[in-house]
Structure formats: C-alpha cells, structure tokens
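Q: I am new to this structure and would like a close look at a single part of it. Please choose any cysteine pairing as that part, if there is one, and set it in its surroundings.

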Amino acid sequence: MTWVLVLYIYAGMLAKGDSVTISNITGFTTDASCAAAGNKSKELVGGSAKEARFVCVAVK
C-alpha cells in the first residue's frame, strides 16, 4: 500500500484577495511519513495570512 498527500493551501480571512491551491504528492510508503510531510508543508505559509491543510489517502 502507498499513500498520497493531498495538500490544500488557501488565503485566510485576513489575507489580501483570495487564492487557493491544491496539489497531490504520491509515493509515501507509510501513513506516518505522509503525515510528517504534510505537517512540514505548513512551514510554507508561516508568517502569512494563508493556511495549509492536508490529508493522507491510502492507495491499494
């Protein structure tokens, strides 16, 4: 089984304008490694009005 990280980044209420992006990253061998990458991705929006969310999906 492999895991896919689905990453969703959007502009929060205090951001100028609006923007949304969604992406997927494949090839994780464990749920834990996928979740670690998802948590690490939150650094991409640090210090901004944007927010990052993610989910790991199992692929059989």
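A: The accessible surface of the protein chain comes to about 4,300 Å², and 59% of this area belongs to carbon and sulfur atoms. The model is a predicted one. Its C-alpha atoms fill a box of roughly 40 × 15 × 10 Å along the principal axes. The chain has one helix and three strands, and from the N terminus on these elements run β-β-α-β. Of its 60 residues, 27% count as buried. Among contacts with a separation of 6 or more, 59% are between residues 24 or more positions apart.

Now to the part in question. The structure holds one disulfide. In general, a disulfide is a covalent bond between the sulfur atoms of two cysteines. Here the partners are Cys34 and Cys56, with their sulfur atoms 2.2 Å apart. Cys34 belongs to helix H1 (residues 31–41) and Cys56 to strand S3 (residues 50–59), so the bond ties together parts that are 22 residues apart in sequence. The torsion about the S-S bond is about -100°, and the disulfide is therefore left-handed.

Where does the pair lie, buried or exposed? Cys34 and Cys56 are both buried. They also belong to the largest nonpolar core, a set of five residues that is completed by Trp3, Leu5 and Phe28. Phe28 gives a view of this core from another side. Apart from its neighbours within four places in sequence, Phe28 is in contact with Trp3, Leu5 and Cys34, and also with Thr2, Ser33 and Ala37. One half of the disulfide, Cys34, is thus among the contacts of Phe28.

The strand of Cys56 can be followed to another residue. Glu51 is found in strand S3 as well. Glu51 forms a salt bridge with Arg53, the closest N and O atoms being 3.4 Å apart. Unlike charges can pair in this way when their charged atoms come close. Glu51 has a relative accessible area of 35% and so counts as partly exposed. Arg53 is likewise partly exposed, at 45%. Beyond its neighbours within four places in sequence, Glu51 is in contact with Tyr8, Ile9, Tyr10 and Val45. The C-alpha atoms of Glu51 and Val20 are 9.7 Å apart, with their positions 31 residues apart along the chain.

Tyr8 and Val20 lead on to the surface, where they form a nonpolar patch with Ile22. Together the three have about 300 Å² of accessible area. Ile22 is in strand S2 (residues 20–28). Its relative accessibility is 59%, so Ile22 counts as exposed.

The stretch between the two ends of the disulfide's span holds a further feature. Glu43 lies in the loop between H1 and S3. The side chains of Glu43 and Lys40 meet in a salt bridge, at 3.1 Å from N to O. Salt bridges number two in the model. Glu43 counts as exposed because its relative accessibility is 54%, and Lys40 is exposed too. From Glu43 to Met13 the C-alpha atoms are 19 Å apart, for a sequence separation of 30 residues.

In short, the disulfide joins Cys34 and Cys56, and both of these residues are buried.

How values were computed
Residues numbered from 1 in each chain as written. Predicted model: local features only at pLDDT ≥ 70, side-chain atom pairs only at ≥ 80, totals over all residues. Heavy atoms only, no water. Disulfide = S-S within 2.5 Å. Helix = DSSP H or I, 4+ residues; strand = E, 2+ residues; numbered from the N terminus. Buried < 20%, exposed > 50% of the residue type's maximum accessible area, 1.4 Å probe, protein only. Patch = residues over 30% accessible without salt bridge, like charges linked within 9 Å, V, L, I, M, F, W, Y side chains within 5 Å. Areas by Shrake-Rupley, 256 points an atom, 1.4 Å probe, with all protein chains shown as cover. Salt bridge = Lys/Arg side-chain N within 4 Å of Asp/Glu carboxyl O. Core = buried A, V, L, I, M, F, W, Y, C linked by side-chain atoms within 4.5 Å. Contact = heavy atoms within 4.5 Å.
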